[in-house]
Amino acid sequence: MKKSLKALLVMLLVVTGVLTGCGSDESADGKTEIKFMHSSIEPDRQKVINELVAEFEKENPDITVKQVPVSEDNYNTKIVTLANSGELPAVIEIGQDYAKVMDKDQLIDRDAVTEIVKEIGEDTYYSGAIKLFKTEDGKQYTGAPITGWVQGIWYNEEMLASKGFSEPQTWEEIMAIAEAFNDPANKKYGIAMPTAESGFSEQAFSQFALSNGANVFKEDGSVDVDSPKMKEALEYYTGLAKYTMPGSNDTTEVNDAFKAGQVPMAIYSTYILPGLFEAGHADNVGFTVPNKESKAAFGNVTGLTITAGLSDEELEASKKFVKFMSEPENMTKWVLMSPGGAQPVSDAVTTSEAYQSNEVVKAFGDLSTEIANSFNDIQVFGLVGDKNFSEMGAVTASAAIPKMINAVTVGGEDLEEQLKLADEAVKEALKE
């Protein structure tokens, strides 16, 4: 949202008083009713959520949870609509990025969420996962993590072994494998990676940049796109892209190329795993992340947040519900609604019998635990130390970085010029 829209939203909320008691209230039977908004609209996922809610209500007979399922395509827009109409649910499933927007618009009860996270124990979450929900000052939290996914480099073990390679550990080893396998005349390539003007390209490039110590912001919040380390990462990414499929590649092209055996490596999220499982490739896949100065896995985490302005009864009911959903057994049920794609954000889930015995998880063996543990290596643009800059949302919305990536990898544009243009575009986006 533009700043003017955000200011209008906050003004509307304050003027109309919708921040008070907006998450439901006491029902006719004397129970405290809270609304719970989530994106699990599929019947099989609805069944799991229904069972969790029923169990919570059984343990808390004085509380009723009314669900508000909303499709992912309309999710963020729905939050704005509900806030404007005074119907914002008390508990909301939210991704790390939109949590920043809600927090900036003063829609989140930071104190309540932080209290829950600290009571559960910050150390019970993977360090990278919990950092993504830190407030900009690094002192509080905007959500309690419940599930997530990670992105890195998947590789075909048999293909690598056929040319004497094992798991790539460094930039140089990734490049060497890509070069060795590249055979465009026979539609075989060294790696499947995104080059389209899309968020996927920004995510993939960010892993190499961050592993090299480059970030969009400096610790003081100033823009740092046109830096020597960012240039070095872009030069590497552009060189690696010479060994991928021609044209502007996005999720479909990357996914299809890896599953078809056209490439020995692919940059993708854990949502590639269900397809590999169905195709019978679970025992022939490995996972690694870019590693130069440090390891850098990209990750997206979903958590539960509590909205601001609730009555005392609603607030206490909401905290009880979020704590209940954050219990390892219940987090495990949530993660297993999409086994393989969705990943645990807590070691208590990863090591649980229910998780380890799942058919999909078990098929990938030790790799499942390795993938989950990579949450400890998560780095994202805009997260600098303990500071989680909310302005990163405006940077991503500007598409400055994917435009730069597409221009140099597909368009053949001058790299230094595109870095400068991206730096200027980011600064301009932050003025709006």
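**Figure 1. The side chain of Ser 318 reaches the backbone oxygen of Glu 314.** The distance is 2.8 Å in this predicted model. Ser 318 belongs to helix H13, residues 312–325. Its relative accessibility is 0%, so Ser 318 counts as buried. Neighbours within four places in sequence aside, Ser 318 contacts Ile 34, Ala 90, Val 91, Ile 306 and Leu 310.

**Figure 2. Tyr 141 makes a polar contact with Glu 122, side chain to side chain.** The two side chains are 2.5 Å apart at this contact. Tyr 141 sits in the loop between H6 and strand S4 (144–156). Is Tyr 141 buried or exposed? With a relative accessibility of 3%, Tyr 141 counts as buried; the cut-off for buried is under 20%. Residues up to four places away in sequence are not counted in the contacts of Tyr 141. Those contacts include Arg 110, Val 113, Thr 114 and Val 117. Glu 122, the polar partner, is also on the contact list. So are Ile 130, Phe 133, Lys 134 and Thr 135. Asp 111 is 30 residues from Tyr 141 in sequence. In space, the C-alpha atoms of Tyr 141 and Asp 111 are 8.1 Å apart.

**Figure 3. The side chain of Asn 406 reaches the backbone oxygen of Thr 195.** The distance is 2.9 Å. Asn 406 is part of helix H20, which covers residues 400–409. Asn 406 has a relative accessible area of 16% and is therefore buried. Which residues does Asn 406 contact, leaving aside neighbours within four places in sequence? They are Thr 195, Ala 196, Glu 197, Ser 248 and Gly 411. Thr 195 thus appears both as a contact of Asn 406 and as the residue whose backbone oxygen the Asn 406 side chain reaches.

**Figure 4. Helix H9 is mostly covered.** H9 has 13 residues. From its first C-alpha to its last, H9 reaches 19 Å. That is close to the 18 Å expected at 1.5 Å a residue. How many of the 13 residues of H9 are buried? Eleven are. Among them are the aromatic positions Phe 200, Phe 205 and Phe 208. Ser 201, Ser 206 and Ser 211 are buried as well. The buried set also includes Glu 202, Ala 204, Gln 207, Ala 209 and Leu 210. Just after H9, Gly 213 takes a positive phi of about 85 degrees.

**Figure 5. Gln 106 and Lys 187 have positive phi values without being glycines.** Phi of Gln 106 is about 60 degrees. Gln 106 lies in the loop between helix H4 (96–104) and helix H5 (110–120). Its relative accessibility is 52%, so Gln 106 counts as exposed. Phi of Lys 187 is near 55 degrees. Lys 187 is placed in the loop between helix H8 (171–181) and helix H9 (199–211). At 57% relative accessibility, Lys 187 counts as exposed. The cut-off for exposed is over 50%.

**Figure 6. The second largest pocket has a volume of about 240 Å³.** Its lining holds 17 residues. Which of them lie nearest the centre of the pocket? Asn 215, Gln 379, Leu 383, Val 384 and Gly 385 do. Two elements give two or more residues to this lining: helix H6 (127–131) and strand S8 (383–384). H6 gives the most, with three residues. By class, the lining of the second largest pocket has six nonpolar, eight polar and three charged residues.

**Figure 7. The structure holds one cavity of 30 Å³ or more.** The largest cavity has about 40 Å³ of space. Its lining includes Leu 273, Gly 340, Gln 343 and Tyr 355. Val 361, Phe 364, Ser 368 and Ile 371 line the largest cavity too. How many residues of this lining are nonpolar, polar and charged? Five are nonpolar and three are polar. No charged residue lines the largest cavity.

How values were computed: Residues are numbered from 1 along each chain as its sequence is written. This is a predicted model: local features need pLDDT of at least 70, side-chain atom pairs count only at pLDDT 80 or more; totals for chains, interfaces and linings use all residues. Side-chain values use heavy atoms; hydrogens and water are left out. On a 1 Å grid over the protein atoms alone, a cavity is a set of points where a 1.4 Å probe fits but cannot get out, and a pocket is an open set with protein on both sides within 12 Å along at least five of seven lines; lining residues have an atom within 4 Å of a point. Grid points are joined across faces, edges and corners, and a volume is the space filled by probe spheres set on the points. Helices (H or I, at least four residues) and strands (E, at least two) are DSSP runs, numbered from the N terminus. Ala, Val, Leu, Ile, Met, Phe, Trp, Tyr, Cys and Pro count as nonpolar, Asp, Glu, Lys and Arg as charged, and the others, Gly among them, as polar. Buried means under 20% relative accessible area, exposed over 50%, partly exposed in between (1.4 Å probe, protein chains only). The expected span of a helix is 1.5 Å times one less than its number of residues. A polar contact is a pair of N or O atoms within 3.5 Å; within protein, one must be able to donate a hydrogen and the other to accept it, and residues adjacent in sequence count only if both atoms are side-chain atoms. Contact means heavy atoms within 4.5 Å.
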